[in-house]
Amino acid sequence: MNYNIGNFFLTTNNVEGISDEEYKKVELLVNAVKAFARSTYQCVYIIDYFKREFVYVSENLALLCGQPADKIRDFGYNLYLKHVPEKEVEMLLEINKKGFDLFSTIPPHERMDYSIQYDFHLTNEKKPYLIHHTLTPLALTKNGKMWMALCTVSMSSRKTPGHIVMKKENSKKYHEYDLTRHQWISKEEKALSDTERDILWLSTQGYTMNDIADKLCKSVDTIKSCKRSLFTRLGVNNIAEALHHAVNYRLL
């Protein structure tokens, strides 16, 4: 199926009438994002929903795509059409539509507190990379439409695309999108226990199972049991996925 960038722009988030004066006001935000990009390992770019283009693209995203940053910025939404497998382009279009449908139901004064995250493959001439993509509102219009969005990209710890979640900052409740049923499902994140949190922190520092057991004054079997329970509860398969989940959901 043939797609074009117009498929990504919906009446649900129709942005109109942004003046030159308003663009001058967001210049500081763009500069702040550029500073953030220089201080993080994550790839960063900014979407402008009024001009329907990318305002800024960090150099490390260019390395991931195998294209210069200026060229990716010129691609804009064609980045997805050129560097994402066609089947996953369909998924991105569904996420885009259903995401904005849900976003439009959120009270306007709360919308800046939300972000949506999901995984998909980004390809270059060498091979595809499964990435974790997070989109957060950077600037809204006066009537609450998303004018600019900050997007961050990191390598996914998962093995498959999807894993779509919309979440409000500092809230245990979140929405997870089911690609099979094509609907959002409301869920609530459970807090980690002190032991679970300690295991994750110590794992990030490279400690072995025996080391963790010694430091926490617990048996190795107890640590193993705690990890198995944690993986089941988070819906992950290994410590890397558990850490990724805990960081993304602000559990640590």
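Okay, one definition before anything else: when I say pocket, I mean an open set of grid points with protein on both sides within 12 Å along at least five of seven lines, and its lining residues have an atom within 4 Å of a point. Keep in mind that this is a predicted model.

So, with that in hand, let's go to the second largest pocket. Its volume comes out at about 430 Å³. There are 24 residues in the lining, and Arg158, Glu176, Leu234, His245 and Tyr249 are the ones nearest the centre. Who contributes? β3, β6, β7 (173–178), β8 (183–188), α8 and α9 each give at least two residues. If you're thinking about polarity, the split for this lining is seven nonpolar, eight polar and nine charged.

Now the largest pocket, which holds about 510 Å³ of space. Here 23 residues do the lining, with Ser115, Thr134, Thr152, Asn248 and Arg250 closest to the centre. At least two residues come from each of β3, β4, β5, β6 (162–168) and α9, and β5 has the largest share with four residues. By class you get seven nonpolar, 11 polar and five charged.

Let me stay with Ser115 for a second, since we just met it by the centre of the largest pocket. Ser115 sits in strand β3. Is Ser115 buried or exposed? The relative accessibility is 18%, so Ser115 counts as buried, the cut-off being under 20%. Skipping neighbours within four places in sequence, Ser115 touches Thr134, Leu135, Thr136, Val165, Met166 and Lys167.

Helix α9 is worth a stop too, because α9 supplies lining residues to the largest pocket and also to the second largest one, going by the cut-off of an atom within 4 Å of a point. The helix runs over residues 239–248 and is mostly covered, with seven of its 10 residues buried. Those are Glu241, Ala242, Leu243, His244, His245, Ala246 and Asn248. And what covers them? The list includes β3, β4, β5 (146–155), α6 and α8.

Right, α6 and α8, let's look at that pair. α6 is residues 194–204, α8 is residues 220–234, and they pack at about 95 degrees with their axes 10 Å apart. That angle makes the two helices roughly perpendicular to each other. On the α6 side, the contact uses Thr195, Glu196, Ile199 and Leu200, and on the α8 side you have Ile223, Cys226, Lys227, Leu230 and Arg233. Sorted by class, that contact has five nonpolar, one polar and three charged residues.

Last topic, the closed spaces. How many cavities of 30 Å³ or more turn up in the whole structure? Two. The largest has a volume of about 280 Å³. Its lining counts 21 residues, and nearest the centre are Tyr49, Asn96, Ile116, Tyr118 and Leu135. α5 (86–103), β3 (114–123) and β4 (128–140) each bring at least two residues, and α5 takes the largest share with six. The lining is 17 nonpolar and four polar, with no charged residues.

The second largest cavity holds about 40 Å³. Around it are Tyr45, Leu61, Leu79, Tyr80, Phe120, Leu122, Ile131, His133 and Val153. Two or more of those come from each of α4 (78–83), β3 and β4. Class-wise, that's eight nonpolar, one polar and no charged.

That's my tour, happy to rotate the model if anyone wants another look.

Conventions. Residues are numbered from 1 along each chain as its sequence is written. This is a predicted model: local features need pLDDT of at least 70, side-chain atom pairs count only at pLDDT 80 or more; totals for chains, interfaces and linings use all residues. Side-chain values use heavy atoms; hydrogens and water are left out. Axes are lines fitted to C-alpha atoms, for helices over the stretch in contact, and angles run from 0 to 180 degrees between N-to-C directions. Angles under 35 degrees count as roughly parallel, over 145 as roughly antiparallel, 65 to 115 as roughly perpendicular and the rest as oblique. Contact means heavy atoms within 4.5 Å. Ala, Val, Leu, Ile, Met, Phe, Trp, Tyr, Cys and Pro count as nonpolar, Asp, Glu, Lys and Arg as charged, and the others, Gly among them, as polar. On a 1 Å grid over the protein atoms alone, a cavity is a set of points where a 1.4 Å probe fits but cannot get out, and a pocket is an open set with protein on both sides within 12 Å along at least five of seven lines; lining residues have an atom within 4 Å of a point. Grid points are joined across faces, edges and corners, and a volume is the space filled by probe spheres set on the points. Buried means under 20% relative accessible area, exposed over 50%, partly exposed in between (1.4 Å probe, protein chains only).
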